[in-house]
Amino acid sequence: DDSVFMQSFIKNVIETFGNKVVGTARNGKEALNQYIKLTPDLVFMDITMEEMTGINAVEEIMKLDKDARIVMCSAMGQEIMVKEALQAGARDFITKPFRPDEIKTSIEKYAKK
């Protein structure tokens with residue numbers, strides 16, 4: 001996510017539920033590089049970011065790892081972009097502003113066991 005506040009919020013929620021955050025990124029290009037470097041179990045990706053959009057990052061990550069687990073984070077009114085992200089390979093999406101239980105559900109559903 002390109003918002004430091006949102007990154008911090010998501011990180012805190014993930015850690016509250018006993019999971020570890022291995023990396024963060026402020027744009028799609030950083031997200032791609034972090035994915036290559038860290039190969040996380042699950043990625044929460046914003047759709048709208050500078051340098052490379054979340055959709056483009058999903059496309060690039062899926063080229064590298066067809067089994068990547070990516071959950072898109074979108075604002076209200078981005079339904080078309082959410083559809084594009086799902087077609088690119090994202091597993092699911094949650095709509096901002098989201099509740100901690102939505103993040104927990106995504107972790108339980110998509111993180112590697």
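Where does P97 lie? P97 sits in the loop between β3 and α5, and we will meet this loop again in one of the close-ups below. The model shown here is a predicted one.

**Figure 1. Helix α4 and its two sides.**
Helix α4 covers residues 79-88, and its buried residues are V82, A85 and A88. Seen down the axis of α4, these buried residues fall within an arc of 120 degrees, so they line one face of the helix. A rule of thumb helps here: an α-helix has 3.6 residues a turn, so residues three or four places apart point the same way. Turning to the other side of α4, you will find E79, I80, K83 and Q87, which are exposed. What lies over the buried residues of α4? The cover includes α3 (54-64), β2 (70-75) and β3 (92-96). Just after the helix comes G89, with a positive phi of about 130 degrees.

**Figure 2. S74 in strand β2.**
Strand β2 is home to S74. Is S74 buried or exposed? With a relative accessibility of 2%, S74 counts as buried, since buried means under 20%. Apart from its neighbours within four places in sequence, S74 is in contact with I47, V82, F93, I94, T95 and K96. Two of these names come up in other legends: V82 is one of the buried residues of α4, and K96 takes part in a salt bridge with D46.

**Figure 3. The salt bridge between D46 and K96.**
Here D46 and K96 form a salt bridge, and their closest N and O atoms are 3.3 Å apart. D46 belongs to strand β1 and K96 to strand β3, so the pair ties together parts that are 50 residues apart in sequence. Both partners, D46 and K96, are buried.

**Figure 4. Further salt bridges.**
How many salt bridges does the model have? The count comes to eight. One of them joins D67 and K66, with the closest N and O atoms 3.6 Å apart. D67 is partly exposed, at a relative accessible area of 42%, while K66 is exposed at 63% relative accessibility. Another salt bridge joins K109 and D92, whose closest N and O atoms are 4.0 Å apart. This pair links distant parts of the chain, with K109 in helix α5 (residues 100-110) and D92 in strand β3, 17 residues apart. K109 is exposed, with a relative accessibility of 54%. Look also for R99, D101 and E102, which are linked in a network of salt bridges.

**Figure 5. The largest pocket.**
The largest pocket holds about 650 Å³ of space. Its lining is made up of 31 residues, and V21, G23, L42, V43 and F44 lie nearest the centre of the pocket. Which helices and strands contribute to this lining? α1 (4-16), α2 (28-38) and β1 (43-46) each supply at least two residues. Sorted by kind, the lining residues are 18 nonpolar, seven polar and six charged.

**Figure 6. L38 and N12, two partly exposed helix residues.**
L38 lies in helix α2 and, at 29% relative accessibility, counts as partly exposed. Leaving out residues up to four places away in sequence, L38 touches V22 and G23. L38 and G23 are 15 residues apart along the chain, and 7.5 Å separates their C-alpha atoms. N12, in helix α1, is also partly exposed, with a relative accessibility of 43%. The partner to look for is P100: N12 and P100 are 88 residues apart along the chain, and their C-alpha atoms are separated by 9.5 Å.

**Figure 7. Loops with notable backbone angles.**
Our last close-up returns to P97, in the loop between β3 and α5. The peptide bond from K96 to P97 is cis, with omega near -5 degrees. In the loop between α2 and β1 you will find T39, which has a positive phi of about 35 degrees although it is not a glycine. T39 counts as exposed, at 52% relative accessibility. E51 sits in the loop between β1 and α3; its phi is near 65 degrees, again a positive value in a residue other than glycine. E51 is exposed, with a relative accessibility of 65%.

Terms used
Residues are numbered from 1 along each chain as its sequence is written. This is a predicted model: local features need pLDDT of at least 70, side-chain atom pairs count only at pLDDT 80 or more; totals for chains, interfaces and linings use all residues. Side-chain values use heavy atoms; hydrogens and water are left out. Buried means under 20% relative accessible area, exposed over 50%, partly exposed in between (1.4 Å probe, protein chains only). Helices (H or I, at least four residues) and strands (E, at least two) are DSSP runs, numbered from the N terminus. The arc is that of the directions from the helix axis to the C-beta atoms. Contact means heavy atoms within 4.5 Å. On a 1 Å grid over the protein atoms alone, a cavity is a set of points where a 1.4 Å probe fits but cannot get out, and a pocket is an open set with protein on both sides within 12 Å along at least five of seven lines; lining residues have an atom within 4 Å of a point. Grid points are joined across faces, edges and corners, and a volume is the space filled by probe spheres set on the points. Ala, Val, Leu, Ile, Met, Phe, Trp, Tyr, Cys and Pro count as nonpolar, Asp, Glu, Lys and Arg as charged, and the others, Gly among them, as polar. A salt bridge is a side-chain nitrogen of Lys or Arg within 4 Å of a carboxyl oxygen of Asp or Glu.
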